[in-house]
Structures are given as structure tokens and as C-alpha cells.
Amino acid sequence: MIENELIIEMYKRMWLIRKFEEKINEYFSRGEIHGTCHLCIGEEATAVGSIFALKKSDYVHGTHRGHGQAIAFGTDVNSMMAEIFGKATGLCKGKGGSMHIADVEKRYLGSNGILGASMPISVGAALALKKKKCEDTVVLCLFGDGSSNQGAFHEAMNLAALWKLPLIFVCVNNLYGMSMSIDRSMSDPDLTKRSLPYGIRSISIDGNDIMGVYETVSEARSYVLGNGPMLIVENTYRHMGHAKMDANRYRTKEEINSWKQKDPIKRAGELLLKISAASEQDLVQYESDAAERIENAVRFALESPVLAIEKIADDVFAGEVVSDA
Ligand SMILES: Cc1ncc(C[n+]2csc(CCOP(=O)(O)OP(=O)(O)O)c2C)c(N)n1
Ligand SMILES: [Mg+2]
């Protein structure tokens, strides 16, 4: 019974993410949102399954494709929408935008436009937990397959293993870094091997299977508390282009469609029906509730003011300039 409720909650959260991003896509296309953004449509189970397996006291660091991760964490969708619309009511007062959604007070360490940066920051957070003797708290660090080509990945793996930190590394493997497939950019595309030189246990799983993701991360949470870091490779696919300007010329329609058949929300819905935890009508209701919640978030963002110009430099930090003269 408890498991049924959990799957329903995860199903609803995945719809909230999907509806959030579909709206963003719509407003970007109309030129009403500026900058760029990276959509995670198709990858929702990696965010929701991983983050639902954590405890409230845990920390999460997301990726540049981070809307879903922040929503899975429970970040307020009104403040997120306002941030992306560049409004003063946004999480970063509209100064950060899509790639800088953060809610540090609530333990969401943020998204990051610098690939690989989530890893050393997560090592720092996990080291702080260890030093402070927070014995039942972990850090979950998300990053993409392409980001694991960064030197920062190896530096972070080394220190996390050396210090036996309570850190779960989750690689969201969507098979591409921009237009480059992992088969063309990696000498060995088996990402689980990347942690082995550091003595870090690793596992590769179906990232579109919400319960599989949830269970693997739950087990990993217990493991890293006593044994130090672990790497989970969650295999998934983004249905949309890499970012706003992407004609998808490097992928075939057949490939994209074959992954759409494995859509994580569709699969979770089928699971709910199979175990009789929900009816067809319930599923339709969950989807329309999510759509309505997001309509409200858009209204909130559109009605919010932009930041007053005299406040633009608030929250900007600069080191003291020391002159030799
Ligand atoms: C240090 C750094 N190098 C390059 C980029 C440009 N860039 C943005 S996203 C991206 C691809 C990332 O691929 P992956 O880590 O697999 O994540 P995905 O976009 O597939 O979710 C690149 C190269 C960047 N943002 N930061
Ligand atoms: Mg990728």
C-alpha cells in the first residue's frame, strides 16, 4: 500500500516536471523567455526516482539540465517559473535564469552551467558533513555522461574515495553531449568502468524505470553512509534537442521514436494500472492537476514585477582589491 502511494506521488511529480517544461518550451518558442534552456523531457524518472529515495536532511546538486531535478526535490514551481521569466519573485530574483535554479537553504545546492562543477562542489559538501559528524546525511551529485569527460570528474572521484565520503554520484546517461554520441567521444562508453580505478563501486541501470531507480538509489544511500561513494549510471534519453537551437540532425527519427516508446511517465502509468493502484481516470486527473498547477505558476510569473534597476548589483560579491602600490 505504501509502495502504491509512493509510485503515485512519483508519477504526479513526473507530470509536474513534464508540464513545467512543455510550458517553458512554448514561451521560449514565442520569444517571451530569454537566454537558453535545456529540457529534460524523457529523463524525468532519473530525477524523481533518485531524489525521492533520499531523506529530507540530504543534499542534492543538479546539472545544467536541472528543472526536473529541482522540481523532484520539491522546489517551488512558482519561484522557479518566475526565475526563468527573469522576475523579482524568482529564486535568484530573476538574475540567474534556467541554469541557476538554487535553493541552498533547503539543501538544493543548485544547477550549474559549468559542466563537471557539480562534482567538486558535492565533494566539498560531503566533506563538510563528515567533519560535522552528520552521520545520517548524504549528498547526491548529478551529472551528464559528457561531463564525465571533465578532469573535475576524476579529481572528485579520487578525493571522495580517499576520504570515504557519503556521496552518491548519479550519471544521467542520455547517450549524447550536445550533438556528440558517447560512441564517438569515449574510448570506452561503459561509464561504470570510470569509477573503478578509484575503488568506487558502480552500477548501470534503466533510468526510465522509476521503481528501479528509486530502489537502486535507496540501497546506495545506505551503502555510502558506511562505505564511501558509489556511482550509479542511469541510462535514459532526452526527447527534445540539446538546447533551444537544435535541429536534431545528429539523431534519426527512428532512434528518437524508439525511446519515446520507453517514456518513463507512460511506463509508470502502465505500472500503476497493472498493480491496480490507479484507474485510467485517475491517471488523466493526475495529469490535468499538474497542468493546472503549472498554469498557475505561469500566471504568477507573468504577473510578477521585474527587479528594480537599483537592486541589480545586490547579491554580487567581489573580493577586496589589494594594491601593491
Ligand atoms: C566546462 C564546460 N564545457 C562546455 C560547456 C558547453 N556544454 C554545455 S552542455 C554540454 C554537453 C553536456 O553533455 P552531458 O554532460 O552529457 O549533459 P546533457 O546535456 O546530455 O544533459 C556542453 C559541452 C559547458 N557548459 N561547460
Ligand atoms: Mg548527455
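**A tour from ligand 1 to the nonpolar cores**

Start by selecting ligand 1 in this predicted model: 14 residues surround it, each with a heavy atom within 4 Å, and H64, R65, G113, G146 and S147 are the closest. Residues are numbered from 1 along each chain as its sequence is written, and ligands are numbered from 1 in the order in which they are written. Local features need pLDDT of at least 70, side-chain atom pairs count only at pLDDT 80 or more, totals for linings use all residues, and side-chain values use heavy atoms, without hydrogens and water.

Next, show the side chains of H64, D145 and N174, which make polar contacts (pairs of N or O atoms within 3.5 Å) with oxygen atoms of ligand 1: the distance is 2.8 Å for H64, 3.1 Å for D145 and 2.9 Å for N174. Taken alone, ligand 1 exposes 590 Å², of which the protein buries 73% (Shrake-Rupley areas, 1.4 Å probe).

Now move to the largest nonpolar core, a set of 64 residues that are buried (under 20% relative accessible area, 1.4 Å probe, protein chains only) and joined through side-chain atoms within 4.5 Å; F20, I24, M81, L140 and I168 have the most contacts inside it. Colour helix α1, residues 2-29, which gives the most to this core, with 13 residues.

Then centre on M81, which touches F20, K23, I24, I294, A297, V298 and A301 (heavy atoms within 4.5 Å), leaving aside residues up to four places away in sequence. Finish at a second, separate core of 24 residues, among them A156, A160, F169 and L191.

How values were computed
Polar contact = N/O pair within 3.5 Å; in protein donor to acceptor, adjacent residues only side chain to side chain. Buried < 20%, exposed > 50% of the residue type's maximum accessible area, 1.4 Å probe, protein only. Helix = DSSP H or I, 4+ residues; strand = E, 2+ residues; numbered from the N terminus.
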